[in-house]
Amino acid sequence: MATARAEPSVIRNAASGVAKSAGKQHRQSTGDPAFKWMTILCAAIIAVIMAGISEELVRNSHLSIKQFGFRFFVSPKWNPVTQEFGAASSVFGTAVSTAIAVLLAVPLSLAIALLLVELAHPVVSRFVGGAIELLAAIPSIIYGMWGLFVFAPFMAKHVQPALANTLGLLPLFQGPPMGIGMLTAGIILALMILPFVSAVTRDVLHMVPAVLRESGYGLGATTWEVTRKVSFRYGMSGIVGAVFLGLARALGETMAVTFVIGNDHTMSASLFGAGNTIASTLANEFSEASEPMYLSALFELGLALFAITVLFQIVAQLWLRRLGRTMGTR
Amino acid sequence: MRSRSLVRRRLVDLAVKAVSGMSAMVGLLFLAWILYEVILRGIGGFNRAFFTKLPTPPGMPGGGLANAILGTAVMTALATVMGVPIGLFAGVYLAEFGQRGRVATTVRMMSDILMGTPSIIIGVFVYTLLVVPTKRFSGFAGAAALAVIMLPVVARTTEDMLNLVPNALREAALALGAPRWHATLRVIFRAARTGLLTGTLLAIARVSGETAPLLFTALNSPYWPQSLRHPMPNLTVTIFNYAMSPYPDWKRMAWVASLVITVGVLFLAVFARLILERRRPR
């Protein structure tokens, strides 16, 4: 609104400035195309990097793809000595730890988002929301340190024995309580994706038109009934998008998982067992790999991880974008 | 239509509210637990030597991680110098030139995907690009990997912040005869500067705690940073190496380094949010 309040003299000065510069217009217009191309160039760098990542990963995993073919993803053998590489245990570990994380984080995130949007006083909501967001700011390696030296011993001493005593008949909760392993990794991953899922869910719940919720309340529905039958139903596709985003994050999380998963190329039916994920294998073995085949197999692991996360990102993004359009925002 | 007693509905409602409150408590509890342990275990070694001395071999008391602190600072600064301007310009393209067009939509999608790409993949990518051809791990490669991570973050926040600038301001600048670059850099950037600063600070906060992309690019080193063409000491990879070592001394050192990183990153993140909040119209 500054222009509306501008003094006439300012306008006159500005106008004379325009008049003066009209004479050297060619000099002004030479700046603009250059500026535009500069921004295009910078935007193109992003596309080039994406293309470069795919190209480099494919090129470097060529050797392994040719040698092992599809067997790479079904064979559980990972033996650098005999040069036999199969990704099954890494894929399994990635899938299981991500599944645990999503199963734990999604209900918690929905409940937190509900609290932030519907229940809590705005001041409380701001404080709690800010604190939850801080969970996202803590670096992965700090989760790893805390996970290995604090949380894993806690799991071994209290949580795992309790689980074994109550649900020990299930093969999921058998075996020695070592602290480290799939379950611990999954719980830490859940903590790490919690802020992302709850932030997106919170935004989705905010998008629900007030009039819809109010008509629910007007009919005498309780908060939970309005949430379940109006807000969640209205925002369902947004919540699904949030889950996908969380999933994609958990898949590629590296350091925290590397600290606590045990880094063992095995597939254990028990959640107490050690395992590995694609990302943790890369973190542990990439700088040690000297033979071309070993390195190539690691590149193929990376390629698989990249392909999966890209896929999930695209699905999540298209999903959320469609949602944005139907809800009329953005 | 099923009818249910009001008492039962109220009870369910109350239960959900309780669960909801408890969930938030769980989140807060874990945050407090992590911060508590990091402070408790790190504060003991938080002294002058830590910030001024080189690391010692295991078993020898004293020593610090001054080299790693310096290395992390140098790489983060270099990554900022490389990543932020490119990100800003890419954001300008998305908000001012590309807008809803097909090219901009593609770039926007790609930068969102790049933002969600695991940082270890970016480390592998930079390894093939900068470490393999030169046959040596280098601080420059580490900074480049961090810059790649910053780039999409800065680009997307820049776009969002520029979109918040009212169109009237843009039109006013152009109507006064300002060229597009002048209108963008001098008028629109000025209007959006708090948002741009926040985006940049958040990007810096994010990369200064990164470990995975440095594992195969900057590596680590127990000496002072020599040049950008040599392996560069840094705090996060040092934490990883020390934590995995069998020496209690080194593990203690890893906790001190964790405290320094946590305090630094959280300070940046909170500071960035605060300046944005303060500028919000009330």
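Me: Does Asn263(A) count as buried, partly exposed or exposed, and what is the neighbour count behind that?
Reply: Keep in mind that this is a predicted model. Asn263(A) sits in the loop between α13 (255-260) and α14 (278-285) of chain A. A residue needs 20 or more other C-beta atoms within 10 Å to be buried, and 12 or fewer to be exposed. Asn263(A) has 19 C-beta neighbours inside 10 Å, so the label is partly exposed.

Me: What is phi of Asn263(A), roughly?
Reply: Asn263(A) isn't a glycine, yet its phi is positive. The value is near 50°.

Me: Is Lys135(B) buried or exposed?
Reply: Lys135(B) belongs to the loop between α5 (119-134) and α6 (139-164) of chain B. Its phi is positive too, about 60°, although Lys135(B) is not a glycine. The cut-off for exposed is 12 or fewer neighbours. Because Lys135(B) has 6 C-beta neighbours inside 10 Å, it counts as exposed.

Me: On to Trp146(A): which helix holds this residue, and is it buried or exposed?
Reply: Trp146(A) has its place in helix α8 of chain A. The cut-off for buried is 20 or more neighbours. Trp146(A) has 28 C-beta neighbours inside 10 Å, so it counts as buried.

Me: Which residues does Trp146(A) touch, leaving out those up to four places away in sequence?
Reply: On its own chain there is Phe151(A). Across in chain B, the partners of Trp146(A) are Ile34(B), Glu37(B) and Val38(B).

Me: What separates the C-alpha atoms of Trp146(A) and Ala256(A)?
Reply: Along the chain, Trp146(A) and Ala256(A) are 110 residues apart. In space, their C-alpha atoms are separated by 8.9 Å.

Me: How are the axes of α8(A) and α1(B) oriented to one another?
Reply: Helix α8 of chain A covers residues 140-167, and helix α1 of chain B covers residues 6-42. Their axes come within 10 Å and cross at roughly 80°. Angles of 65 to 115 degrees get one label, so α8(A) and α1(B) are roughly perpendicular.

Me: How do the residues of the contact of α8(A) with α1(B) divide into nonpolar, polar and charged?
Reply: From α8(A) come Ile142(A), Trp146(A) and Val150(A), and they meet Ile34(B), Glu37(B) and Val38(B) in α1(B). The split is five nonpolar, no polar and one charged.

Me: Zooming out, how many residues of each chain are in contact with the other, and which helix gives the largest share on the side of chain A?
Reply: The contact pairs 67 residues of chain A with 72 residues of chain B. By type, that side of chain A divides into 46 nonpolar, 17 polar and four charged. The largest share is 19 residues, and it comes from helix α3 (residues 25-60) of chain A.

Me: What share of the residues of chain A count as buried?
Reply: Chain A has 15 helices and two strands. Of its contacts with a separation of 6 or more, 75% are between residues 24 or more positions apart. Chain A has 330 residues, and the buried share is 47%.

Me: Last one: within what arc do the buried residues of α8(B) fall?
Reply: Helix α8 of chain B (residues 180-191) has twelve residues and reaches 15 Å, close to the expected 16 Å. Its buried residues are Arg180(B), Ala183(B), Thr184(B) and Ile188(B), while Arg186(B) and Arg190(B) are exposed on the face turned away from them. Seen down the axis, the buried residues of α8(B) line one face of the helix, because they fall within an arc of 90°.

Technical notes: Residues are numbered from 1 along each chain as its sequence is written. Chains are lettered from A and ligands numbered from 1 in the order in which they are written. This is a predicted model: local features need pLDDT of at least 70, side-chain atom pairs count only at pLDDT 80 or more; totals for chains, interfaces and linings use all residues. Axes are lines fitted to C-alpha atoms, for helices over the stretch in contact, and angles run from 0 to 180 degrees between N-to-C directions. Helices (H or I, at least four residues) and strands (E, at least two) are DSSP runs, numbered from the N terminus. Angles under 35 degrees count as roughly parallel, over 145 as roughly antiparallel, 65 to 115 as roughly perpendicular and the rest as oblique. Two residues are in contact if their C-beta atoms, placed from the backbone, lie within 7 Å. Ala, Val, Leu, Ile, Met, Phe, Trp, Tyr, Cys and Pro count as nonpolar, Asp, Glu, Lys and Arg as charged, and the others, Gly among them, as polar. The expected span of a helix is 1.5 Å times one less than its number of residues. The arc is that of the directions from the helix axis to the C-beta atoms.
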